[in-house]
2 protein chains.
Amino acid sequence: MQRRGLLIILSSPSGAGKSTMTRRLRVWDPTIAFSVSATTRPPRPAEVDGQDYYFRTRPQFEAMVQDGEMLEHAEVFGNLYGSPRAPVEANMEAGVDTLFDIDWQGGQQIKQAMGDDVVSIFILPPSMAELERRLRARGQDDDAVIAGRMAKSMNEISHWAEYDYVLINADPEVCEAELRAILTAERLRRTRQVGLTSFVRGLGNEHEESR
Amino acid sequence: MQRRGLLIILSSPSGAGKSTMTRRLRVWDPTIAFSVSATTRPPRPAEVDGQDYYFRTRPQFEAMVQDGEMLEHAEVFGNLYGSPRAPVEANMEAGVDTLFDIDWQGGQQIKQAMGDDVVSIFILPPSMAELERRLRARGQDDDAVIAGRMAKSMNEISHWAEYDYVLINADPEVCEAELRAILTAERLRRTRQVGLTSFVRGLGNEHEESR
């Protein structure tokens with residue numbers, strides 16, 4: 001059945017499982033596209049333009065914003081970040097779903113811009129102790145950085161009520177199954193299946209001819 | 001997670017698989033309740049009051065309608081049929097989903113009365129030839145009755161666009177998996193999980209205490 005591609009916004013505090021879930025969803029359904037952000041931040045070693053980010057100069061980025069080519073954008077620590085519109089709209093027309101790994105601010109802007117085509121999902125940790133345990137398990141950060149991340153997580157969590165779906169990630173298997181169910185269901189919404197009108201017209205013609 | 005029970009409206013033309021899907025869904029999740037209709041039609045042999053139908057006199061039924069005790073009702077071939085409100089509201093409060101096996105008219109009335117708590121699903125046949133094959137396979141009806149059922153099916157199908165979800169039942173296994181996904185997803189909608197506010201408050205308290 002021909003359908004419009006979805007815009008899937010997946011948000012969560014750091015450590016609640018967003019990256020793992022993004023990876024698993026794309027294994028489950030490799031047709032899901034990932035929205036690559038544009039940024040004015042300089043590339044780090046090994047980062048590839050067009051794959052990790054679209055690296056742009058500030059004037060280039062600002063021209064894209066001016067021309068309405070960004071679905072959302074924000075400035076973070078002096079660098080601009082945004083989601084280019086063109087690849088997303090091409091996906092939608094082709095019936096390809098696009099996954100956005102963005103925070104609540106970006107999610108809100110995309111929801112405002114794209115409305116009914118957006119499905120937003122927030123992943124909560126089962127507890128703050130578990131969130132902290134997961135952050136520490138990465139072994140990258142000292143106590144002060146962890147404390148900062150936890151405060152940032154609480155801020156992100158405070159926007160849970162702006163999302164369509166809320167999952168509590170106590171078990172990654174369950175969380176993945178829930179995400180799959182949400183995508184399967186959203187694809188079956190009448191408004192998403194643009195081929196339904198002609199399908200039902202076909203049933204009507206078949207009925208007329210058999211009489 | 002504490003949540004409100006859903007009102008699940010499942011409609012389809014006769015032969016598209018509604019009864020089979022209803023049965024399978026209740027095997028999958030035995031907590032799903034089934035809305036038992038009230039009717040003024042006299043009981044047939046072996047029909048049990050309160051199980052197959054609530055059998056009521058016309059004055060009793062009309063009093064229920066007057067008192068707002070019916071979520072929907074209609075007159076069919078001189079008999080009144082309706083869905084009593086009380087058991088459904090008790091289910092909703094208890095977080096139990098209620099399944100309605102009703103036609104588009106009943107579905108529309110329930111949607112108007114209960115709004116956001118309603119999830120409506122329409123099941124289409126893959127083709128009219130397949131629908132006719134399934135009706136004939138039952139071996140109950142002659143050609144004239146089949147033709148009448150097919151015409152009635154076309155009328156029911158013409159209301160597909162009033163439903164939230166539309167499924168094409170070409171394979172009962174796929175159709176069942178899709179129905180499960182829809183119910184799983186709808187239960188995860190933020191607005192359905194009434195326990196989320198206190199859960200997130202708990203995360204906040206935990207964060208405060210750990211600082």
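This is a short tour of a predicted model with two chains, A and B, to follow in your viewer.

**Stop 1: the two copies**

Start with both chains in view. A rotation of 180°, with 0.0 Å of shift along its axis, places chain A on chain B at an RMSD of 0.0 Å. The two copies are thus related as by a two-fold rotation axis. To find that axis on screen, select Ala181(A): of the residues of chain A, Ala181(A) comes closest to the axis, with its C-alpha at 2.2 Å.

**Stop 2: the contact between the chains**

Now show where the chains touch. Chain A gives 29 residues to the contact, and chain B gives 29 residues. On the chain A side, colour α5 (128-137), α6 (143-157), β9 (165-168), α7 (172-187) and α8 (196-209), the elements that each give two or more residues. The largest share, six residues, comes from α8(A). By character, the chain A side divides into 18 nonpolar, six polar and five charged residues. Which surface does each copy use? 100% of the interface residues of chain A are also interface residues in chain B, so the copies meet through the same surface.

**Stop 3: helix α7 of chain A**

Select 172-187 in chain A, helix α7(A). This helix has 16 residues and reaches 22 Å from its first C-alpha to its last, close to the 22 Å expected at 1.5 Å a residue. Its buried residues include Leu179(A), Ala181(A), Ile182(A) and Leu183(A), and charged names are on the list too, among them Glu176(A), Glu178(A) and Arg187(A). What do the buried residues of α7(A) pack against? Show β1, α1 (18-28), β8 and β9 of chain A, together with α7 (172-187) of chain B.

**Stop 4: the nonpolar core**

Keep Ile182(A) on screen and add Ile121(A), Ile121(B) and Ile182(B): of the 87 residues in the largest nonpolar core, these four touch the most other members. In general, nonpolar side chains of soluble globular proteins tend to be buried together. Centre on Ile121(A) and, leaving aside neighbours within four places in sequence, look for its contacts: Ile9(A), Leu10(A), Tyr163(A), Asp164(A), Tyr165(A), Leu167(A), Leu179(A) and Ile182(A).

**Stop 5: helix α5 of chain A**

Next, pick Met128(A), Leu131(A), Glu132(A) and Leu135(A), the buried residues of α5(A). Seen down the helix axis, they fall within an arc of 95°, so they line one face of α5(A). Turn to the face pointing away from that buried side and you will find the exposed residues Arg133(A) and Ala137(A). The cover over the buried residues of α5(A) includes α6 of chain A and α8 (196-209) of chain B. After the helix comes Gly139(A), with a positive phi near 65°.

**Stop 6: helix α4 of chain A**

Move to residues 104-114 of chain A, where Trp104(A), Gly106(A), Gly107(A), Ile110(A) and Lys111(A) are the buried residues of α4(A). They cover an arc of only 155° around the axis, which puts them on the same side of α4(A). Among the elements they pack against are β1 (7-11), β5 (70-76), β8 (118-124) and α6 of chain A. Just after the helix, Gly115(A) takes a positive phi of about 50°.

**Stop 7: a loop to finish**

Last, select Gly195(A), in the loop between α7 and α8 of chain A. Is Gly195(A) buried or exposed? With 11 C-beta neighbours inside 10 Å, Gly195(A) counts as exposed. Not counting residues up to four places away in sequence, Gly195(A) touches Met1(A), Gln2(A) and Arg3(A). Add Arg4(A) as well: its C-alpha is 9.4 Å from that of Gly195(A), although the two are 191 residues apart along the chain.

Notes: Residues numbered from 1 in each chain as written. Chains lettered and ligands numbered in written order. Predicted model: local features only at pLDDT ≥ 70, side-chain atom pairs only at ≥ 80, totals over all residues. Contact = placed C-beta atoms within 7 Å. Helix = DSSP H or I, 4+ residues; strand = E, 2+ residues; numbered from the N terminus. Nonpolar A, V, L, I, M, F, W, Y, C, P; charged D, E, K, R; others polar. Buried ≥ 20, exposed ≤ 12 C-beta atoms within 10 Å, placed from the backbone. Arc of directions from axis to C-beta. Core = buried A, V, L, I, M, F, W, Y, C linked by C-beta atoms within 7 Å. Least-squares fit on C-alpha atoms with pLDDT ≥ 70 in both. Expected span 1.5 Å × (residues − 1).
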